[in-house]
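Here are a few notes to read alongside the structure. Take them in any order, with the model open next to you.

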Amino acid sequence: MTSTVSSSPHQFPEGSDAFPQRHLLGIAGLQPWEILYLLKEAKQWVDLNKKSSKHANRLDGLTVINAFFENSTRTLLSFEIAGKRMGADVVNMHAAQSSIKKGETLIDTAVTLNSMKADAIVIRHASSGAVQLIADKVDCPVLNAGDGSHEHPTQALLDALTIQRRKGDISGLTITICGDVMHSRVARSNIYCLTTLGAKVRVCAPPSLLPDALDRMNVDTVSNFDAALDGTDVVMMLRLQNERMNGDFIPSPREYHYLYGLTKERLKNAKPDALIMHPGPMNRGVEIDSGVADDLERSAITEQVEMGVAVRMACLDILTRKSRGVEGWS
Amino acid sequence: MKKLFSNARLILPNQDDPQLGSVLTSGDIISEVGEVTDSNDSQNIDCNGKILAPGIVDLGVFAIDKPAFHFGGITRAALMPDQNPILDMPAMVKHLASEGKPDLWSHPIAAATKGLAGLELAEIGLMQLAGAKAVATGRQWIADSGVMLKLLQYCQSLDITVIVHSEDAGLTRNAVATAGETATRLGLSSAPSSAEALSISRDIALVRETGAKVHFRQVTTKQGLNLIREAKFDGLPVSCGITPAHLFLSDIAVSDFRTFARLSPPLRSETDRQACLEAIKEGVIDVISSGHDPRGPEDKRLPFAEAKVGMAGAETLLALSLNLVRDDMISMNRMFELLSTNPAKILGVQAGILAKDYEADLIVIDPDTPWQVDTRKMAASAGNTPFDSLPVQGRATSIYKGGKAL
């Protein structure tokens with residue numbers, strides 16, 4: 001289901017058949033060509049974003065609501081910039097400190113947002129499945145900006161785009177994901193995305209942060225970090241949340257660093273040109289050393305952020321094509 | 001006052017199959033069973049060859065929901081103490097013991113500990129006096145083994161059964177699903193299914209210690225059932241139950257974050273589900289109950305982890321149990337032992353059997369009537385069933401409580 005799909009444009013189905021989804025709730029269930037189509041579309045925005053005038057007008061007059069029920073700085077900013085560069089009127093709703101605190105249910109909030117006639121709603125929520133729940137109640141496309149430990153699809157797409165740019169075809173690459181896989185929506189979306197695109201994915205985590213039955217998701221679990229890095233093309237480190245560092249899941253940050261921290265020394269196990277990635281924000285000195293994170297040759301961490309804006313521009317564009325009446329997207 | 005139910009296929013104790021015959025009731029009591037001839041002073045009810053069975057005794061419901069119970073052929077329901085407020089005072093028990101009478105009897109189950117907090121014993125003796133027929137730990141286990149030991153010693157002396165919930169809370173904590181592929185894919189916090197076996201194992205050790213009668217309300221895993229099997233083999237006074245959800249659904253039903261499938265204990269793996277069916281066949285499981293817990297959208301139309309646990313099960317209990325008969329897992333008579341006889345025995349009430357001097361709680365059932373479960377059209381106060389749109393067969397066509405038609 002993977003390797004032969006190339007990213008050349010003429011091989012994608014015509015019009016909306018290239019991406020027939022109404023929402024972007026997750027990577028699970030997407031076909032390889034749907035993912036590749038999103039990546040292909042994002043590339044044009046990478047170029048635009050490098051220019052001094054970064055404005056496109058595709059979403060002129062459209063309203064995009066960023067409804068963030070969980071605090072976020074980076075993802076919210078990235079979505080806001082993406083929407084504005086596409087010409088949309090972007091409104092941010094910091095629901096983490098609003099009516100949800102007054103007892104309004106999520107469904108009522110969704111209905112309220114729907115009544116404001118948004119053309120796209122970007123949602124982040126601390127509970128797995130919450131974004132889908134809202135998507136079922138609104139008339140416009142919904143983009144999942146992270147729901148609990150479930151999915152964070154645009155993160156996986158920006159990671160895939162970054163890998164594509166640095167390594168070419170993702171199919172056949174060995175990619176190691178290391179860290180708090182259990183609580184990570186980034187890990188889940190990346191596992192779905194990368195395995196769908198034909199990569200060989202290894203997962204490494206402390207046993208207390210490793211979820212059950214990962215083998216059913218076509219990944220190898222390797223408990224020893226050095227072994228997990230052996231010969232890998234890409235090392236994707238996950239953030240370890242502060243509240244899980246002190247005795248609850250792991251004994252201490254320094255012990256975590258000793259067992260699972262990415263250092264220059266450790267990185268020697270990977271391929272010499274292995275790419276280093278991290279979704280941010282980083283805990284320097286815990287899961288990743290500064291010497292590795294700031295290695296301009298191998299670290300793609302800032303590029304990931306850059307790709308994030310382009311990917312989100314593409315997602316907003318594609319999901320609103322139907323309502324904008326773009327030909328072939330009825 | 002007298003009623004003669006004639007031309008019926010009777011579900012009689014110690015028989016393998018329904019037997020053609022009649023039942024004579026006098027007031028609210030069964031006065032004769034078998035070959036009863038017509039007498040002048042009785043009203044004759046011709047059952048037209050349909051099955052006449054003891055009314056279902058639903059052990060461990062979370063709400064008194066008369067329309068749903070009557071639809072499901074349930075004549076008695078034992079109410080779990082997990083109410084608001086919690087049933088830990090004799091006055092509440094006394095009040096609820098008469099709720100629903102005369103056409104439904106509810107048997108409140110006393111909270112084992114004050115506020116179900118698992119710390120201090122509740123006034124079990126006084127609640128028994130007020131009408132409590134059993135004691136329960138609620139939808140949680142008692143973590144402190146010292147408290148559990150005292151509870152069992154105490155209940156043993158009062159000769160009252162303790163109904164326990166079997167999940168080690170140290171393992172389950174914030175879990176909303178069973179660890180496995182579904183929970184991992186959905187990113188739901190989960191606990192290993194061995195949380196059940198751990199808790200059962202401790203409680204069996206304490207039964208050995210005290211000789212108290214313990215009913216494990218829902219045993220849903222292979223490991224847990226093995227422990228029960230072994231305890232029964234050793235002659236310990238233990239029994240166990242299950243709901244149709246754990247017999248007919250696995251954790252895959254949770255996919256798509258279906259909150260109607262958010263249950264306590266959570267749905268298990270397919271391997272565990274098969275072990276449950278095997279245990280039904282083998283006779284290790286004593287009771288099938290509905291776990292009836294109607295929950296409206298305010299409790300269920302929420303993100304999965306925030307939704308309340310429980311399902312509306314009263315209406316589907318009989319039809320789903322009949323699947324077991326159709327699949328040749330158990331006989332029709334055995335099914336009524338699981339639905340009526342055994343739960344009545346555990347509660348110590350004179351019901352659940354078609355025999356002289358037992359309560360005239362009778363249901364006429366047509367095991368073949370086809371119907372479709374529809375969450376929008378249920379008699380229950382809420383339609384939160386994970387079996388929505390499932391075609392089923394069999395339902396109670398008439399129901400008599402204390403000899404009176406409902």
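**Notes for a first look**

1. A word on long-range contacts to begin with. Take the contacts in chain A between residues at least 6 apart in sequence: 74% of them join residues at least 24 apart. Keep in mind as you read that this is a predicted model.

2. Next, the overall build of chain A. Its secondary structure comes to eleven helices and nine strands. The radius of gyration is 19 Å, close to the 20 Å that the globule rule gives for 330 residues, so chain A is as compact as a globular protein of that length. If you want a feel for its extent, the C-alpha trace spans about 55 × 50 × 40 Å along the principal axes.

3. How much of chain A is buried, and what does it expose? Buried residues account for 58% of its 330 residues. The chain exposes about 13,500 Å², and carbon and sulfur atoms supply 48% of that area. As for charge, chain A has 36 positive and 39 negative charges, and the mean positions of the two sets are 3 Å apart.

4. Now the cores. In soluble globular proteins, nonpolar side chains tend to be buried together. Here the largest nonpolar core has 73 residues, and those touching the most other members are L151(B), F216(B), I280(B), I288(B), L318(B), M335(B) and F336(B). Apart from that core lies another, of 72 residues, which includes I35(A), L36(A), V64(A) and V181(A).

5. F216(B) deserves a click of its own. Which residues is F216(B) in contact with, leaving aside its neighbours within four places in sequence? The list runs V164(B), S166(B), I200(B), D203(B), I204(B), I228(B), V238(B), S239(B), C240(B) and G241(B).

6. Chain B also has a couple of cis peptide bonds to look at. One joins N84(B) and P85(B), with omega about 0 degrees. P85(B) sits in the loop between β7 (74-79) and α2 (90-97) of chain B. Another cis bond joins K101(B) and P102(B), where omega is about 5 degrees. You'll find P102(B) in the loop between α2 and β8 (105-111) of chain B.

7. Back in chain A, check the backbone in the loop between β6 (200-204) and β7 (219-221), where A213(A) is found. A213(A) isn't a glycine, yet its phi is positive, near 55 degrees. Its relative accessibility is 23%, so A213(A) counts as partly exposed.

8. N218(A) also has its place in the loop between β6 and β7 of chain A. It has a positive phi too, about 60 degrees, and again the residue is not a glycine. Is N218(A) buried or exposed? With 61% relative accessibility, N218(A) counts as exposed.

9. Last stop: M282(A), in the loop between β9 (275-277) and α10 (290-293) of chain A. At 25% relative accessibility, M282(A) counts as partly exposed. Its C-alpha atom is separated by 6.1 Å from that of R239(A), although the two residues are 43 apart along the chain. R239(A) is also one of the contacts of M282(A) once neighbours within four places in sequence are left aside; the others are E287(A), I288(A), A293(A) and I301(A).

Notes:
Residues numbered from 1 in each chain as written. Chains lettered and ligands numbered in written order. Predicted model: local features only at pLDDT ≥ 70, side-chain atom pairs only at ≥ 80, totals over all residues. Heavy atoms only, no water. Helix = DSSP H or I, 4+ residues; strand = E, 2+ residues; numbered from the N terminus. Rg over C-alpha atoms; globule rule 2.2 N^0.38 Å. Buried < 20%, exposed > 50% of the residue type's maximum accessible area, 1.4 Å probe, protein only. Contact = heavy atoms within 4.5 Å. Areas by Shrake-Rupley, 256 points an atom, 1.4 Å probe, with all protein chains shown as cover. Lys, Arg positive; Asp, Glu negative; His and termini not counted. Charge placed at Lys NZ, Arg CZ, Asp CG, Glu CD. Core = buried A, V, L, I, M, F, W, Y, C linked by side-chain atoms within 4.5 Å.
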